[in-house]
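Q: I'd like to learn how to read ring and backbone features in a protein model. Can we go through some together?

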Amino acid sequence: MKRTTISLIAVTTALAAVTGFASLTVPDGTEPTRGDLALPLPVERSSLLCPAPSSSEIAETRYTSFTPVRKQSGGQKDAGAPADSAELRPAAAVLDDTDAAPAKDGKKKDADKEADKDGAKKPAPDKPVVAVKEPGKPVSAETDGGEAPALVGTATGSLAPGWTTQQTTSVTAGSGRGLLGVSCTGADTDFWFPGASLAEGRQDYVHLTNPDETGAVADIELYGKDGALRTTLTEGIPVPAGSSVPVLLPTLTADKADEVTVHVTTRTGRVGAVVRAADEDDGSDWLAASADPAGTVVLPGIPSDATSVQLVAFAPGDDDAALKVQLAGPTGTITPAGHELLNVKSGMTASVDLADIARGEAGSLILSPAEEGRATPVVAALRVVRGKGEEKEIAFVPAAAPVGERATAADNRAKGSVLSLTAPGKAAEVRVTASAGTEGGAQAVKTYSVKAGTTLAITPLVPAGLKGSYAITVETLSGGPVHASRALEIADDGIPMFTIQNLSDDRGTVVVPEAEQDLSVLDD
């Protein structure tokens, strides 16, 4: 009997589903060696989904798309590698809300109107809405009105690693007034949204977008302060291939609740999910999903002039969570007086009014176990208000995953951007790169040190000769984990319209391990 050892390259199925495919060639196009396979390789395919931006006829939306430059060796591109492409195109259709869930309490007309405004029955044009041509150079596109559809797209080749798109919508009047910003997301099967609401004066929609060529079926669960809310949804929400479905939360339940945690899962397929929250008094913005449940969570980027901060947390497991509440400011970490602890019952949404916790200094909230060794996973988000009276505006800050190796926020303007960097554990050093502008300008780079337990809020560098908008890329160089967010302000007639997006690891690379499989072959 002859024994033959075969070396196989093991790549997980999750990689293909979430970030695309990792190249099995090293950057110079040669065959990978054992040493090469121990190093991160760039993904060669990634996907993004942008929700339908607004139903308002006066909405003005800008898409900014960008792929950062990555370091690579010289040499020719592998002939088997995919072509360079990064394009976002309209979703094929948007279904009426009646196809998503039963309508209740007269909400059907509003839901149908939302679906129609989002582009129902409109054929997708042949050309992409926005397309990146080369790494390091952002591109933008603009659209007006309330009929802009959801977008789906794929990046391949050298444009795939770190591909990022920001959707920014300005609505200056009406119930949907606000600056609505969202980082277009990848598809997944599980999302948590603490911070939604079923209160009077709120209209919250969950936007579900399916990028794939096969249909998906999604479930939406709602949790209030006393636990799960009664829902009319029993069969799941069908999201056909390449389509987007907006679901108005009050059509799912007759219950009322000021603070709600939304849980989106899929029975089959994958979707992108994000919540559009509109408050008749405070404006509107997108609520992105919280980072995955964890024992310690960081919510970065509370503005220094925040007039109201509401914390919403949820413990999805079987155990209650006792959390220590801390604010990481510019000089260190403090415990807010009167809010030292937060108890979160399993399966129930907990909230606390932190009022003007910032008190003139930008900071980040850190939730950690009150007792060492008793970490209970939680999800969390902040509802932040700036301004007072009739001149106020809301934004949301969900718990953020770390920057990791690299993260990017697109669509920064010459004025109005603030980058918040938080090091909850060890001190860290990061490099911040401001790209060239969409219409001109030169890249700028600066290194920053973030002290342990602090938040560093900076006005990011502006590219010399900037024309248009630009992207900010943060890279962790040394030290502990860094959590980051970018706030963008565009004031309108005295109202501080703003939006906040987290910067989390772009997963532009993946380590492809070499697995030894010992196969015995019987030689006759």
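A: Sure, let's start with charges and rings. A charge sits over a ring if NZ of Lys or CZ of Arg is within 6 Å of the ring centre and within 35 degrees of the ring normal. This is a predicted model, and in it the charged end of Arg 386 sits over the ring of Phe 498, 4.9 Å from the ring's centre.

Q: How many aromatic pairs are there?

A: Ring centres have to lie within 6.5 Å to pair. The count here comes to 4 aromatic pairs. One of them is Phe 191 with Phe 193, with 6.3 Å centre to centre and 15° between the planes. Planes under 30 degrees apart count as stacked, and this pair is stacked.

Q: Are Phe 191 and Phe 193 buried or exposed?

A: Buried means under 20% relative accessible area. Phe 191 has 7%, so Phe 191 is buried, and Phe 193 is buried too, with 0%.

Q: Which parts of the chain does the pair of Trp 192 and Tyr 223 link?

A: Distant ones: Trp 192 is in strand β12 and Tyr 223 in strand β14, 31 residues apart. Their rings are tilted, at 40° and 6.4 Å centre to centre. Both residues are buried, and together with Phe 314 they form one aromatic cluster.

Q: Where does Arg 359 lie?

A: In the loop between β26 and β27. Arg 359 isn't a glycine, yet it has a positive phi of about 50°. Exposed means over 50% relative accessible area, and Arg 359 has 68%, so it is exposed.

Q: What about Asp 411?

A: Asp 411 isn't a glycine either, and its phi is positive, about 60°. Its place is in strand β30, and at 0% relative accessible area Asp 411 is buried.

Technical notes: Residues are numbered from 1 along each chain as its sequence is written. This is a predicted model: local features need pLDDT of at least 70, side-chain atom pairs count only at pLDDT 80 or more; totals for chains, interfaces and linings use all residues. Side-chain values use heavy atoms; hydrogens and water are left out. Rings of Phe, Tyr and Trp (its six-membered ring) pair if their centres lie within 6.5 Å; planes under 30 degrees apart count as stacked, over 60 as edge-to-face and the rest as tilted. Buried means under 20% relative accessible area, exposed over 50%, partly exposed in between (1.4 Å probe, protein chains only). Helices (H or I, at least four residues) and strands (E, at least two) are DSSP runs, numbered from the N terminus.
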